[in-house]
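Grab a pencil and open the viewer. Below are a few exercises, each with a solution worked out step by step.

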Amino acid sequence: MTAFSAAPAELPDAAPSSDSPDSPDNAAPVESPADPKTFVRTAFDLGDVVLRPWTRADAESEAVLDALVTAAADPMVALWNPIRATDRDAARTWVEARDDGWEKGTAASFAILDATDGAVLGSATLRWADRADGLAMIGYLLLPAARGRGIVTRAVTAITDWGFDTADVRRVEIAHAVGNAASCGVADRCGYLFEGVLRESYRFGDGEYHDEHLHARLAKDPRL
């Protein structure tokens, strides 16, 4: 992933699943939900980029849809994090699924946008693996032109800390193909400790099962 994550880096539909953390002060204030394990739509200002929830309005933007089609065609995304956005119709369905995740409370999917012109740079998703147990997974993808700026590292750190602070997340995992060295670097920089190898645990874009590295952070771990 060159700024991507993991085995399902951006968490394809129904699949399991990267220089400084965003402070809680940068998140828009929201009303506390009745269920503490709830993802509440929130936006983050990271300076040069903005994270905000995907919405159905994005599904009507040709610029957004074209950016997703471009991402899906990138060789690194196609290999490590294939997304169903081969054309505008497929990209529209993909965006709507991200919005559905918020509505159903199963996932918090953020568009990563350029703060200056609002261009789509990527996406990041925190989703429940076991909501009752407070176990979540995070995945992400970035368009080629946006890589090398630490964007995924900052986004993952911000979303992870937000999940701990606002949704009662206990543990967040990142799983990535062993061959995906860039994603391993993201996990390390975000404070996700390496916990072992999952053998042939996920089928990637090449149709082959790959071993994965498992990394995780706990809510009680030191903040970066």
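The buried residues of helix α3 are A90, A91, W94, V95, R98, D99, G101 and W102. Keep in mind that this is a predicted model.

**Exercise 1. Check the length of α3 against its residue count, then work out what its buried residues pack against.**

Step 1: α3 covers residues 88-104, which makes 17 residues. At 1.5 Å a residue, the helix should span 24 Å. The C-alpha atoms at its ends are 24 Å apart, so the model agrees with the expectation.

Step 2: Go back to the buried set, which includes A91, W94, V95, R98 and W102. An α-helix has 3.6 residues a turn, so residues three or four places apart point the same way.

Step 3: Look for the partners. The buried residues of α3 pack against two helices, α1 (62-73) and α4 (151-166), and against the strands β2 (49-53), β3 (107-114) and β4 (120-130).

Step 4: While you're here, look at R98, which lies over the face of W94, 4.3 Å from the ring centre.

**Exercise 2. Find what caps the N-terminal end of α3, and say what backbone angle G105 takes just after the helix.**

Step 1: At the N-terminal end, the cap is D87. One of its side-chain oxygens lies 3.2 Å from the backbone nitrogen of D89.

Step 2: Past the other end, G105 has a positive phi of about 80°.

**Exercise 3. Classify the ring pairs F39–W128 and F44–W162, and say how far apart in sequence the parts are that each pair ties together.**

Step 1: The model has 10 aromatic pairs. For F39 and W128, the ring centres are 4.9 Å apart and the planes meet at 20°. That angle is under the 30 degree cut-off, so the pair is stacked.

Step 2: Place the two residues. F39 sits in the segment before β1 (44-45), while W128 belongs to strand β4, so the pair ties together parts 89 residues apart in sequence. Both F39 and W128 are buried.

Step 3: Now for F44 and W162. Their ring centres are 6.1 Å apart with planes at 85°, so this pair is edge-to-face. F44 is in strand β1 and W162 is in helix α4, so here the parts tied together are 118 residues apart.

Step 4: Check burial. F44 has a relative accessible area of 3% and is buried, and W162 counts as buried at 5%.

Step 5: Put the pairs together. Ring pairs link F39, F44, W102, F110, W128 and W162 into a cluster. Among them, W102 also turns up in the buried set of α3.

**Exercise 4. Are the loop residues D58 and R147 buried or exposed, and what does each one contact?**

Step 1: D58 is in the loop between β2 and α1. Its relative accessibility is 5%, so D58 counts as buried. Leaving out residues up to four places away in sequence, D58 touches R52, P53, V64, L65 and V95.

Step 2: R147 is in the loop between β5 (135-142) and α4. At 16% relative accessibility, R147 is under the 20% cut-off and so counts as buried. Its side chain makes a polar contact of 2.8 Å with the side chain of D74.

**Exercise 5. Where does pLDDT stay under 50, and how should those stretches be read?**

Step 1: Start with the whole chain, which averages a pLDDT of 87, with 85% of the residues scoring at least 70.

Step 2: pLDDT stays under 50 over residues 1-9 and over residues 11-25. Beyond four places in sequence, the model has 65 contacts for residues 1-9 and 54 for residues 11-25.

Step 3: Where pLDDT is low, the predicted coordinates should not be read in detail.

Notes. Residues are numbered from 1 along each chain as its sequence is written. Side-chain values use heavy atoms; hydrogens and water are left out. Helices (H or I, at least four residues) and strands (E, at least two) are DSSP runs, numbered from the N terminus. The expected span of a helix is 1.5 Å times one less than its number of residues. Buried means under 20% relative accessible area, exposed over 50%, partly exposed in between (1.4 Å probe, protein chains only). Contact means heavy atoms within 4.5 Å. A polar contact is a pair of N or O atoms within 3.5 Å; within protein, one must be able to donate a hydrogen and the other to accept it, and residues adjacent in sequence count only if both atoms are side-chain atoms. pLDDT is the predictor's confidence in each residue, from 0 to 100. Rings of Phe, Tyr and Trp (its six-membered ring) pair if their centres lie within 6.5 Å; planes under 30 degrees apart count as stacked, over 60 as edge-to-face and the rest as tilted. A charge sits over a ring if NZ of Lys or CZ of Arg is within 6 Å of the ring centre and within 35 degrees of the ring normal.
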